[in-house]
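Biologist: Got the structure up? I have a few quick things to ask.

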Amino acid sequence: MSMKINLGAWNSIFAVPSSVVDEGLKFSDGVKLKVLLYLLRHSGEDVNESDISKATGVNETDIPEAVEYWVMKGIFCQNNGAFEPAQAEQQTTEQPAVKQVESNNNAALIEKEEPTVPHMFVRPQRPDYVYVAQQLAVDEEFKMLVNEAQTALGKPLSNSDASSLLLLKNTCGLPVEVIIMLIQYCISIGKSNIRAIETIGLRWSDAGVFSIEEAENKIKQAHRASQSFTIVASAFGLKNTGSPTKKQVEYADLWVNEWKFSPEMLREAYERCVDSKGSCDFRYINGILKRWNSSGIYNVDDLNKFDSRPDKYKNKGGNRNNANTSYNINDLQRLDTIDSI
């Protein structure tokens, strides 16, 4: 995917819009910030995932999601394939998009597509210093939680850290024993900082994880999904992937644990994606695997039989002479529907 950002007057300086900090910073991570800073620094230039990856160390497969995040936050908008600063009126008066769909007789049909708004949980306000101090004086359970957290993390907690724990306990309603399990889980996956603990705790609360049994199940699911990504990364031949995105882990869990695809079939889908698009695109691969799953294709023999069917390309817009081009990019991306776990 070639990307070019036209920042107008911003081209003469390296500026970061205030809205990045005001609106996008609290939900972003290092990957998203690296991609944004590189794009702002190289405004007006044609850049692609390979350029960004070489300069920032971010894996190429993570870059489209990072760009999509800043579009979603209203920092940029996409216009004729290029990115430019989003205007306030574009964000408030956006109309349903109109797209063209080709029918079998190549006549253009027009249909309206309602804009979709990605779901993001709203982070509650953490308690202030005075309230935290008051609770430490009167709430023995909270005091015990802070002491347990300090022991597990091997350092004294700041007032801000204690505020995060109080947020999870009082505002989000997580029992103390669940929060302690959460802290131990975060330490086990190398995220032994309060911000990560708070973020995951908010997700647990949003998912209704309010008991030890539910927390244990959540941790098992997370470990299962992480192991699934390892299988996928190995099948794809991905090295130095760093920390996978939440979406990539969800895809891996779906492909390996729900659809039960073998590494061999994962590799086949990966190769077809790269042959068609020139890069590894998890959304595109998901479209391929979703079609195979719905067609009952789970091994190479099934796939070879499917590829050799004379009616395979009927009404698919495919090419009999090239099996790798039998997948229409738009069709596969429309197949890419995955619920968050």
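Biologist: Start with Lys-260. Is that residue buried or exposed?
Modeller: Exposed. Lys-260 has a relative accessible area of 58%, and the cut-off for exposed is over 50%. Keep in mind that this is a predicted model.

Biologist: Where is Lys-260 found?
Modeller: In the loop between H12 and helix H13 (263-277).

Biologist: What about the phi of Lys-260?
Modeller: Positive, about 60°. And Lys-260 is not a glycine.

Biologist: OK, rings now. How many aromatic pairs does a search of the whole structure find?
Modeller: The search finds 11. Take Phe-236 and Tyr-270: the ring centres are 5.0 Å apart and the planes are at 20°. Under 30 degrees counts as stacked, so this pair is stacked.

Biologist: Which helices does that pair link?
Modeller: Phe-236 is in helix H11 (residues 212-236) and Tyr-270 is in helix H13. They are 34 residues apart, so the pair links distant parts of the chain.

Biologist: Are those two rings' residues buried or exposed?
Modeller: Phe-236 is buried, with a relative accessible area of 1%. Tyr-270 is buried too, at 15%. The cut-off for buried is under 20%.

Biologist: And Tyr-251 with Trp-255, what sort of aromatic pair is that?
Modeller: Stacked as well. Tyr-251 and Trp-255 are 5.5 Å centre to centre, with 15° between the planes.

Biologist: How are Tyr-251 and Trp-255 separated in helix H12?
Modeller: By about one helical turn, because they are four residues apart in that helix. Tyr-251 counts as buried at 1% relative accessibility. Trp-255 counts as buried at 0%.

Biologist: Which residues do ring pairs link into a cluster?
Modeller: Phe-229, Phe-236, Tyr-251, Trp-255, Tyr-270 and Phe-282.

Biologist: Back to H12. What is Gln-248 in contact with, leaving aside neighbours within four places in sequence?
Modeller: Thr-61, Asp-62, Phe-229 and Phe-282. Phe-229 and Phe-282 are also in the ring cluster. Gln-248 sits in helix H12 (residues 246-258) and is buried, with a relative accessible area of 4%.

Biologist: Last topic, helix H2. How far apart are its end C-alpha atoms?
Modeller: They are 16 Å apart. H2 covers residues 30-41, which is 12 residues. At 1.5 Å a residue the helix should span 16 Å, so the two values agree.

Biologist: Which residues of H2 are buried?
Modeller: Lys-32, Val-35, Leu-36, Tyr-38, Leu-39 and Leu-40.

Note on methods: Residues numbered from 1 in each chain as written. Predicted model: local features only at pLDDT ≥ 70, side-chain atom pairs only at ≥ 80, totals over all residues. Heavy atoms only, no water. Helix = DSSP H or I, 4+ residues; strand = E, 2+ residues; numbered from the N terminus. Buried < 20%, exposed > 50% of the residue type's maximum accessible area, 1.4 Å probe, protein only. Contact = heavy atoms within 4.5 Å. Expected span 1.5 Å × (residues − 1). Phe/Tyr/Trp six-rings, centres within 6.5 Å; stacked < 30°, edge-to-face > 60°.
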